[in-house]
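Could you walk me through this model in the viewer, one selection at a time? I would like to know what to click on next and what to look for there.

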Amino acid sequence: MNKNQIPNFLKHELDFFVDQCNFTDREKQFLYLSNKEETLESIAEKLDYSVSTVNRISKRVKNKIMKVL
C-alpha cells in the first residue's frame, strides 16, 4: 500500500466511518471505490474528476477517519 491509498476496511468498519465522519457524497463514493483497491487514477476516471481533485478528496477522507480513531 502506498501513502496515497486508504487501507481496506471490513464492511462494519466502513459503516462506522460513514456514520461517524460526516462524509460528503463525493467522499463516500471515494471511500467505497478506494476500499476496492482502485487506484486514484481509476477513481478519478470513474467519477469524472481530475486526479488532483481525487487527491484532495483522499486527504479529507483520511483526516476525517483519523479524527474518529
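## A tour of the salt bridges

The count comes to four salt bridges, where a salt bridge is a side-chain nitrogen of Lys or Arg within 4 Å of a carboxyl oxygen of Asp or Glu. This is a predicted model, in which local features need pLDDT of at least 70 and side-chain atom pairs count only at pLDDT 80 or more, while totals for chains, interfaces and linings use all residues. Residues are numbered from 1 along each chain as its sequence is written, and side-chain values use heavy atoms, with hydrogens and water left out.

**Stop one: Lys11 and Asp15.** Select this pair and show the side chains, which meet in a salt bridge with an N to O distance of 2.9 Å. Both residues sit in helix α1 (residues 11-20), four residues apart, so about one helical turn separates them. Helices here are DSSP runs (H or I, at least four residues), just as strands are runs of E with at least two, and they are numbered from the N terminus. Now switch on a surface: Lys11 is exposed at 60% relative accessibility, and Asp15 is partly exposed at 35%. For these labels, buried means under 20% relative accessible area, exposed over 50%, and partly exposed in between, with a 1.4 Å probe and protein chains only.

**Stop two: Glu27 and Lys64.** Next, select these two and look for the salt bridge, whose closest N and O atoms are 2.7 Å apart. The pair links distant parts of the chain, with Glu27 in helix α2 (residues 25-35) and Lys64 in helix α4 (residues 51-68), 37 residues apart. Glu27 is buried, with a relative accessible area of 1%, whereas Lys64 is partly exposed at 22%. Add Arg60 to the selection, and you have a network of salt bridges linking Glu27, Arg60 and Lys64.

**Stop three: Glu38 and Lys46.** Is each partner in this pair buried or exposed? Glu38 is buried, with a relative accessible area of 18%, while Lys46 is exposed at 52%. Their salt bridge has its closest N and O atoms 2.7 Å apart.

**Last stop: Leu47.** Finish in helix α3 (residues 40-47), where you will find Leu47. Leu47 is buried, with a relative accessible area of 16%. Which residues does Leu47 touch, not counting those up to four places away in sequence? They are Gln29 and Leu33, where contact means heavy atoms within 4.5 Å. To end, draw a distance from the C-alpha atom of Leu47 to that of Arg26: the two are 21 residues apart along the chain and separated by 8.8 Å.
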